[in-house]
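Here are my notes on the model, set out as numbered points. Please read them with the structure open.

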2 protein chains.
Amino acid sequence: MPAKMPQIARRGLLLVLSSPSGAGKTTLSRALLAGDPGIELSVSVTTRKPRPGEVDGKDYFFVDEKKFQRMVEKGELLEWARVFQHCYGTPRGAVEKALAEGRDVLFDIDWQGAQQLAEKMAGDLVRVFILPPSGKVLESRLETRAQDPPEVVAKRMAAAAAEISHWAEYEYVIVNADLLSSIAGLKSILAAERLKRDRLLGLSAFVRSITRSL
Amino acid sequence: MPAKMPQIARRGLLLVLSSPSGAGKTTLSRALLAGDPGIELSVSVTTRKPRPGEVDGKDYFFVDEKKFQRMVEKGELLEWARVFQHCYGTPRGAVEKALAEGRDVLFDIDWQGAQQLAEKMAGDLVRVFILPPSGKVLESRLETRAQDPPEVVAKRMAAAAAEISHWAEYEYVIVNADLLSSIAGLKSILAAERLKRDRLLGLSAFVRSITRSL
């Protein structure tokens, strides 16, 4: 006789992935998103112009500088940053809605974004830092990617070193030596965090219903 | 070119499973132990006599009352309890050794044992509470198991209700409606907890080795 499945609702969670570029974060993010309909990538607000093929509300929310500043002032952004001449941020509304509906949101952001998120959404945050398996691997990836003059590569490496220096601000650390193991680890983190008591809703009532007749 | 696998050592963890009897905890424990050589069942000390086939040091450490009391007085037990006329406890030495060697230990104990463990080993503890999918399922399992007079069944149900009342002292909650899903959830919890930054050893040195050349 199959048991009637209990309907335990759950608050969503915010999964933050940070790493230096060249550690495999983008590949890991894509693999996680492709294999799990319960988690979606956070859509950022940006002041940069859409590139061909980019869709407003899907790739980014495209806004002008004035609108972006208003969002900052009104506290509508959970985190934001200026990167070169453009601004990028995470709209609070969409994130709060996802959490309330039990959907999880993936953030591919740097340590500064993660720190800002932590200030506002601490209890909902699950932070994972991805490390490369060695300095050699990281260097070769950074050099391969940049068909750039040496000083640009050097700047990129300095940025990577700065990002890595914040690894200890994350609850989980994955050393990405083997892609399949890393994906499995990331999936386990998501699955486990979904079973955290704090995220389950209505458990008190459920337990009362179980023990009423005992 | 395969990356050289980094050797990140890890401190073991203590996985505590609690539940009322009849919620499927024993089946879940066995499935977890059978599928993962990295976790082993805690071997208890007891004052009860060995049953035919039981091996000292494997099923239990068998000791007499006097020896047990000495272990309690010397603080050699992480938790202990008297159940009817016999004493049961968890020896500290074996657990500390496993943790230091990066092996995980599974505890199938009740809320009182879990509370005692938490006082002494808080940072190493991962607590999971298993709930039955409904009161009906729990009742029918308790009645099936007990070919006993009604008053004994009633006592068993009261004990189940008392155990369930402590669900909120556990970090994770699994509603065991479907055995395979519950096993998968339990495995994910173990896999994720093994990636917790706090349990990884030597990460600072590893990160320094990565960034030295950047």
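1. In chain A, helix α3 (residues 92-100) lies across two strands, β6 and β7. The helix runs at about 30 degrees to β7(A). Bear in mind throughout that this is a predicted model.

2. The two strands under discussion are also partners. Strand β7 (residues 86-91) of chain A pairs with β6(A) in the antiparallel sense, and six bridges join them. One of the residues to look up is Leu77(A), whose bridge partner in β7(A) is Pro91(A).

3. Which strands make up the sheet, and in what order? Four strands of chain A form an open sheet, and the order across it is β5-β4-β7-β6. The pairing in this sheet is mixed.

4. The edges of the sheet deserve a separate remark. In chain A, β5 (60-62) and β6 (77-83) each have a single partner strand, so one side of each has no neighbour in the sheet. From one strand to the next, the twist averages 25 degrees.

5. Next, the two chains. Two copies of a chain are related by a rotation about an axis and a shift along it. Here a turn of 180 degrees, with a shift of 0.0 Å along the axis, lays chain A on chain B with an RMSD of 0.0 Å. This is the relation of a two-fold axis.

6. Which C-alpha of chain A is nearest the axis? That of Ser188(A) is, at 2.2 Å from the axis. As for the contact between the copies, the same surface serves both: 100% of the contact residues of chain A recur in chain B.

Methods. Residues numbered from 1 in each chain as written. Chains lettered and ligands numbered in written order. Predicted model: local features only at pLDDT ≥ 70, side-chain atom pairs only at ≥ 80, totals over all residues. Least-squares fit on C-alpha atoms with pLDDT ≥ 70 in both. Contact = placed C-beta atoms within 7 Å. Pairing = 2+ DSSP bridges. Axes fitted to C-alpha atoms, helices over the stretch in contact; angles between N-to-C directions.
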